[in-house]
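Trainee: I should like to examine this structure with you, step by step. May we begin?

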Amino acid sequence: MAAAPSPRKFLGRLPLPERTFVTDALRTETVGGVLLLIAAIAALIWANTPLSGSYDALRDFHIGPAALGLDLSIQHWAADGLLAIFFFVAGIELKRELVAGELSDPKAAALPVIAAICGMAVPALVYILVNTVGGGSTDGWAVPTATDIAFALAVLAVLGASLPSALRAFLLTLAVVDDLFAILIIAVFFTSELNFAALGGAVIGLAVFWVLLRKGVRGWYIYIPLALVIWGLMYNSGVHATIAGVAMGLMLRCTRREGEEHSPGEHIEHLVRPLSAGLAVPLFALFSAGVAVSGSALGDVFTQPETLGVVLGLVVGKAVGIFGGTWLAARFTRAELNEELAWPDVFAVATLAGIGFTVSLLIGELAFAGDSALTDEIKASVLVGSLIAAVLAGILLKLRVRTYRALVDAEERDEDQDGIPDVYEQDNPEYHVRMAEIYEKKAAEHRRLAEVAGASRGDDGGPA
């Protein structure tokens, strides 16, 4: 009689290549998140001082060729142009996850995908419920569905909290799936009247982009001008321009061929991610997060159904949705939780995912484009909801900080100094031989020091 298959471990140790990729990716996102946080604070200060007039004037200043339909305000250039770079990186991340990462294995992908879907559905339901009961507009249902991975990592950096790689990978996978559905939401629900000529031109441009990639054509001087043309056509088509960035990111090859250290997608992501995290997203935050904040305005956040729906969606909906979806998926797939972690750790990460900044601000602008006053109030609610989620997550994570620190130290320990953490070499005989030699040298040194100490004590008249 065959033995029953052992249950799979949820949040177990990552394979070394995946851990290395996650660590490198999140390191850049953390730096970008800190810059994002600084940009958001700068925007709030700028918009709430006597210099607020200059902020509004700069944000609303128009520039660009009108003949090409691109006479846009600085704020629109940031939202439609710079965020296309952000979504280009998101497209590459998604492609890599689908072909080589956590999402490449349907069994392993099921749990984070279910968690991410629940983490978007429940906040949307919370928003709709609040606005149905309160008589508000349901147009903003998608605002609290997004998670901002960079901002979440910035919060971790500010708190000095180090998460084990499995929890960081879970948060990253949640954000990648989150981005995918946010892209679909933007494409389906926030597309204006279509210009089929421009859309056809964008599709032809994407086809040329794909053919050049498949032919192995290289040269930034080919792809960057082509990408700009595709972006401009997509913008004029009525489809949100960031979709062009996603489409091009998904076309890149993210699997390695023989002799390749990195796939083209990984290489380009490594080059573009600092531009996205360090420039594009912070500038978007600078020109989108500047809302007037006063006592009455903050009070309105908790009294108007639209803004209250966003706050509760981010703080309650995200935590309940992700945690509940994860628990149910683990129960029905018989996936055992890693014994080094506990379900409160999952709830803390779910709460941290309530930080929905960049994409939430973008969807808020799209959902209430005709009402500038309500748009600013929605932005304020995104900031308040994200702040509350960050504080709650910080408290929950601090309660377990010693456990996390011990797990991270164990993951990073490299006593034989070969560049590979020791925890990944327990089945390697050569590692144990190296460690035996190291301990033998240490033992010999301690015997020598014991002899020296004994001789010294004998000279001082102590016992020999």
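Trainee: In which helix is the place of S276?

Mentor: Please bear in mind that this is a predicted model. One helix runs over residues 264-288, and S276 has its place within that range. The helix is α10.

Trainee: Is S276 buried or exposed, and what is its relative accessible area?

Mentor: Among the residues that S276 touches, beyond those up to four places away in sequence, are I85, F86 and V89. A residue counts as buried under 20% relative accessible area. S276 is therefore buried, with a relative accessible area of 5%.

Trainee: Which residue meets R273 in a salt bridge that links distant parts of the chain?

Mentor: The structure holds twelve salt bridges. In one of them the side chains meet at 2.7 Å, N to O, and the pair links helix α10 with helix α3 (residues 74-99), 180 residues apart. R273 is buried, with a relative accessible area of 4%, and its partner is buried too, with a relative accessible area of 10%. That partner is E93.

Trainee: Why are E269 and R273 separated by about one helical turn?

Mentor: The side chains of E269 and R273 meet in a salt bridge of 2.2 Å, N to O, and both residues are buried. An α-helix has 3.6 residues a turn, so residues three or four places apart point the same way. E269 and R273 lie in helix α10, and their separation is about one helical turn because they are apart by four residues.

Trainee: Which residue meets R96 in a salt bridge of 3.7 Å, N to O?

Mentor: R96 counts as buried at 5% relative accessibility. Its partner is buried as well, with a relative accessible area of 3%. The residue is E97.

Trainee: Which helix gives the most to the largest nonpolar core?

Mentor: The largest nonpolar core has 117 residues, and L11, F87, F170, L352 and F357 have the most contacts inside it. One helix gives 14 residues to this core, which is the most. That helix is α6.

Trainee: How many of the 25 residues of α6 are buried?

Mentor: Helix α6 covers residues 165-189 and should span 36 Å at 1.5 Å a residue; its end C-alpha atoms are 35 Å apart, which agrees. This helix is largely enclosed by the rest of the structure, because most of its residues are buried. Of the 25 residues, the number buried is 19.

Notes:
Residues numbered from 1 in each chain as written. Predicted model: local features only at pLDDT ≥ 70, side-chain atom pairs only at ≥ 80, totals over all residues. Heavy atoms only, no water. Helix = DSSP H or I, 4+ residues; strand = E, 2+ residues; numbered from the N terminus. Expected span 1.5 Å × (residues − 1). Buried < 20%, exposed > 50% of the residue type's maximum accessible area, 1.4 Å probe, protein only. Contact = heavy atoms within 4.5 Å. Core = buried A, V, L, I, M, F, W, Y, C linked by side-chain atoms within 4.5 Å. Salt bridge = Lys/Arg side-chain N within 4 Å of Asp/Glu carboxyl O.
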